[in-house]
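Thanks for asking me to look this one over. My notes follow as numbered points, best read with the model open beside them.

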Amino acid sequence: MANNTASQTEAPVFYLKEEHHPETGTMLGFWIYLMSDCLIFAILFATHGVLGRNYAAGPSPADLFDLKLVAINTSMLLFSSITYGFAMLQMEKGKIAGTQLWLAITGLFGIAFVGLELYEFHHLWHIGATPMRSGFLSAFYTLVATHGLHVTFGIIWLVTLMVQVSKRGLIPENKRRLMCLSMFWHFLDVVWIGVFSVVYLLGVLG
């Protein structure tokens with residue numbers, strides 16, 4: 001009878017089976033996110049295509065844009081894509097210090113890109129070329145600023161991953177996160193090439 005009472009009052013024991021998050025699920029989900037981002041930028045490019053010639057008797061791209069400055073800014077982002085590739089090569093070799101070094105260089109290039117973009121915006125506002133001035137400027141600021149915000153979030157993500165790598169090393173989870181950021185970073189490079197070609201080059205030379 002005592003044994004029955006003890007068995008009834010004994011707390012139940014639950015055995016939990018830990019299941020790892022599948023790597024393919026993460027990559028698939030991130031590809032879906034990138035496709036949604038493609039749609040956002042496609043809409044912004046289409047908007048610029050419609051409003052890009054609506055100057056409202058205001059300044060045109062040829063009056064506003066400094067192609068030399070934009071070319072330097074473009075090179076900053078393209079160099080950052082190359083250095084991120086070097087970081088991924090170091091990651092595959094299992095070299096934490098090399099990975100961190102190239103990630104830091106990538107972040108510096110990204111910061112330089114955002115800084116030059118903010119300088120350009122400040123200059124345009126200073127001369128009165130605000131988003132409210134014309135349809136062209138509204139479309140320009142929306143497209144370029146959206147891309148700039150993506151780069152800013154990418155830099156924050158990069159710094160976060162550098163902290164995680166320094167604490168936990170190149171574990172499979174961190175490698176998967178670095179792969180996702182790599183896809184995101186290169187995607188932003190491709191989008192910026194479109195911005196540089198369509199908004200700046202065609203705007204000034206077209």
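1. How many helices and how many strands does the protein chain have? The count is 7 helices and 0 strands. Please keep in mind throughout that this is a predicted model. Read from the N terminus on, the order of elements is α-α-α-α-α-α-α.

2. On to the chain as a whole. Of the 206 residues in the protein chain, 40% are buried. The protein chain exposes about 11800 Å², and 69% of that area is supplied by carbon and sulfur atoms.

3. The contacts deserve a point of their own. Taking the contacts in the protein chain with a separation of 6 or more, 81% are between residues 24 or more positions apart.

4. Now for helix H5, which covers residues 96-126 and has 31 residues. From its first C-alpha to its last, H5 reaches 45 Å, close to the 45 Å expected at 1.5 Å a residue. If you follow the chain past H5, have a look at Gly128: this glycine has a positive phi, near 90°.

5. How do H4 and H5 sit against each other? Helix H4 spans residues 67-92, and its axis comes within 8 Å of the axis of H5. The two axes cross at roughly 165°, which makes H4 roughly antiparallel to H5, because angles over 145 degrees are counted that way. The crossing of H4 and H5 is left-handed.

6. A second pair to view is H6 with H7. Helix H6 takes in residues 135-168, and helix H7 takes in residues 172-205. Their axes are 10 Å apart, and the packing angle is about 160°. H6 and H7 are therefore roughly antiparallel to each other. Here, too, the crossing is left-handed.

7. Finally, a residue to click on: His48, which lies in helix H2 (residues 23-51). Is His48 buried or exposed? Its relative accessible area is 8%, and the cut-off for buried is under 20%, so His48 counts as buried.

8. Which residues is His48 in contact with, leaving aside its neighbours within four places in sequence? They are Phe136, Ala139, Phe140, Val198 and Val199. It helps to set these against the helix ranges in point 6: H6 covers residues 135-168, while H7 covers residues 172-205. Displaying the side chains of His48, Phe136 and Val198 together would be a friendly way into this part of the model, since His48 is in contact with both of the others.

Definitions and conventions:
Residues numbered from 1 in each chain as written. Predicted model: local features only at pLDDT ≥ 70, side-chain atom pairs only at ≥ 80, totals over all residues. Heavy atoms only, no water. Helix = DSSP H or I, 4+ residues; strand = E, 2+ residues; numbered from the N terminus. Buried < 20%, exposed > 50% of the residue type's maximum accessible area, 1.4 Å probe, protein only. Contact = heavy atoms within 4.5 Å. Areas by Shrake-Rupley, 256 points an atom, 1.4 Å probe, with all protein chains shown as cover. Expected span 1.5 Å × (residues − 1). Axes fitted to C-alpha atoms, helices over the stretch in contact; angles between N-to-C directions. Parallel < 35°, antiparallel > 145°, perpendicular 65-115°, else oblique. Left-handed = near helix turned anticlockwise from the far one by under 90°.
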